[in-house]
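Me: Got a minute to go through a model with me? I'll fire off short questions as they come up.

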Amino acid sequence: MTTTVTAVPTTTSQANQKPEHFDVLIIGAGLSGIDAGYHLTKQSPKKTYVILENRERIGGTWDLFRYPGIRSDSDMLTMGYSFKPWTHESTISPGDKIRDYVTETARENGIDKHIRFRHKVVSASWDSGTARWTVEAKKRDAGGREDTVRFTTNFLFSCAGYYRYSDGYTPEFKGRENFKGQIVHPQHWPQNLNYDGKRIVVIGSGATAVTLVPNLAKTAHVTMLQRSPTYYVSRPEKDATANTLRRYLPATWAYMIPRWRNIVLQRFFYGRAKAKPQQVSQLLIKGVADLLPEGYDVKTHFTPKYNPWDQRLCLVPDADMFNAIKEGRAEVVTDHIDTFTAKGIRLKSGRELEADIIVTATGLQLEVMGGAQISVDGKPVDFGKTFTYKGLMYSGVPNLASIFGYTNASWTLRADLICEYVCRLLNKMDEKGVDIATPTLPAGQDMKAEPWLDFSSGYIQRSVHLLPKQGPSAPWQQNQNYFKDIKEMRKAPIEDPALVFSKAKAAAAKPAIARAAE
């Protein structure tokens, strides 16, 4: 799908107003955006930067999602920043504690002073003549009135995540209009929703569903309706080793020891799953069966048809969902929806699930660059036709990077490395006296295009046409390997034949004596 550039209406005064200029413009003040601000502050302290955030608060995902029980789906020992120890006793953490952690990081390092809230980036246009991006944003006041504001920047860094904040994904359900109860999507959970004593059907079996089910089941009866089973693994909410070490060691050591333990174990388990999928599948299924009542139909409800890590494993803290099933507060139904009815949902099998509330935990809608329209020298960029460079830049697109974390490990592990790399790149450009860095495909070669993510999850497959491709070898690959990325992003030289450095065309066209006089 080709992105088109749409003119944004502006007043005459706005059009004539000189845009503010920053060396780096960051999109998003969530976990990744604050990470980027920290690294710029520490590694490239002479660079000016601004963070444009659409929402009114720091936090991104952890400010948006407010459904009951919202928590991390990775341990915070690896999802926390490398430079700031996670000290809360729960390593599978409630969402509000993660939001506090990100906000505290911004405040402690002065990053919050660089944030412009209520600024939604709508477009960015690159001009090779000046080697600058012109960024347009919608600025909202407290009353919701919007004005268009412009910025220029030498380098654009998207930390806006990978999904659309305004809308989650909901399939077209036949008969939806007939249901007399309430239908809710977790991405926009009503804060005044009273579900005590109600019958609730949660459609879905992913990370959101398995968080909602045990939390809703504290005061309601919950049915998790799934088309097919998912792999689950139960882990303690609190890490005993980390909490013990914190009593005796400095905070950094108490953080780093269990952090690296988890990084190594995650990598080992993922490698084992890929090498011996049947063995790991049996291990995971047995782990679930041991947590369920004797005689439970594990084959129907908890035996997936795909291999482990073809989709992300779902984390169940302290077996809370399985406890709710054992105690009769929750049940799992595996079937397909025929139609919504006035009382609930009729299934293909003929069974009807009666409900007062239906929760559509049916996934996300992926989005590139936070939905902003991107163009280079007047030509719209179709990211689906680009190749990824080291999983952070795009072929033919100058001075632009974005953060996309791991699907098989914690998001922030990769975010940290990308932020380090971007700062190294900016410093190298200053050292070389160049203005532009453009990932460039080999001339005269048709590179074999492979999917950016080898993942069968629905939210990936629905949007695969929007995502860049990867090539058969480095640097045109999206690694899912933290140790390999350490070599490529932290250790490897910045200078690379595939990364072409140049000066602004306008500057290059000037006589040498004129440039020397500036």
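Me: Which residues of strand 2 are buried on one side, and which on the other?

Reply: In strand 2 (residues 49-52), Tyr49 and Ile51 are buried on one side and Val50 and Leu52 on the other, so both faces are covered. Buried means under 20% relative accessible area, exposed is over 50%, and partly exposed is in between, with a 1.4 Å probe and protein chains only. Helices (H or I, at least four residues) and strands (E, at least two) are DSSP runs, numbered from the N terminus.

Me: Why do the residues split that way?

Reply: In a regular strand the side chains alternate between the two faces of the sheet.

Me: What does strand 2 pair with?

Reply: Strand 1 (residues 20-27) runs parallel to strand 2, and 4 bridges join them. Val24 is the residue opposite Tyr49. Two strands count as paired if DSSP finds at least two bridges between them.

Me: Before I go on, what should I know about where this comes from?

Reply: This is a predicted model, so local features need pLDDT of at least 70 and side-chain atom pairs count only at pLDDT 80 or more, while totals for chains, interfaces and linings use all residues. Residues are numbered from 1 along each chain as its sequence is written, and side-chain values use heavy atoms, with hydrogens and water left out.

Me: What's the mean pLDDT of the protein chain?

Reply: The mean is 93, and 94% of the residues reach 70 or more. pLDDT is the predictor's confidence in each residue, from 0 to 100.

Me: Where does pLDDT drop below 50?

Reply: Residues 1-15 are one such stretch, and beyond near neighbours in sequence they have 27 contacts in the model. Residues 510-518 also stay under 50, and there the model has 4 contacts beyond four places in sequence. Contact means heavy atoms within 4.5 Å.

Me: Switching topic. What's the strand order in the open sheet of 5 strands?

Reply: The order is 7-16-8-9-12, with parallel pairing. Strand 7 (182-184) and strand 12 (330-334) are the edges, each pairing on one side only. From one strand to the next the twist averages 20°. Angles here run from 0 to 180 degrees between N-to-C directions, and axes are lines fitted to C-alpha atoms, for helices over the stretch in contact.

Me: Does anything pack on that sheet, and if so, which strands are touched?

Reply: Helix 6 packs there, touching strand 8, strand 9, strand 12 and strand 16 (357-360), and its direction makes about 160° with that of strand 9. Helix 6 (residues 207-216) is mostly covered, with 8 of its 10 residues buried. Among them are Val210, Leu212 and Val213.

Me: And how many residues of strand 9 are buried?

Reply: Strand 9 (residues 221-226) has 5 of its 6 residues buried. Strand 8 (residues 199-203) runs parallel to strand 9, with 5 bridges joining the two. Arg199 has His221 as its bridge partner, and Ile200 sits opposite Val222.

Me: What about the open sheet of 3 strands, which way does it pair?

Reply: That one is antiparallel, in the order 13-14-15. Strand 13 (337-340) and strand 15 (352-354) are at the edges, and the twist averages 25° from one strand to the next. Strand 14 (residues 344-347) pairs with strand 15 over 3 bridges, and Gly344 stands opposite Glu354.

Me: Now helices. At what angle do helix 8 and helix 14 cross?

Reply: The axes of helix 8 (residues 251-275) and helix 14 (residues 482-491) cross at roughly 110° and come within 10 Å. That makes helix 8 roughly perpendicular to helix 14. For the cut-offs, under 35 degrees is roughly parallel, over 145 roughly antiparallel, 65 to 115 roughly perpendicular, and the rest oblique.

Me: Which residues make the contact?

Reply: Trp260, Ile263, Val264 and Arg267 come from helix 8, and Tyr482, Phe483 and Ile486 from helix 14. They divide into 6 nonpolar, no polar and 1 charged. Nonpolar covers Ala, Val, Leu, Ile, Met, Phe, Trp, Tyr, Cys and Pro, charged covers Asp, Glu, Lys and Arg, and the others, Gly among them, count as polar.

Me: Is Asn262 buried or exposed?

Reply: Asn262 counts as buried, at 11% relative accessibility. Asn262 lies in helix 8 and touches Asp75, Leu77, Thr78 and Asp239, not counting residues up to four places away in sequence.
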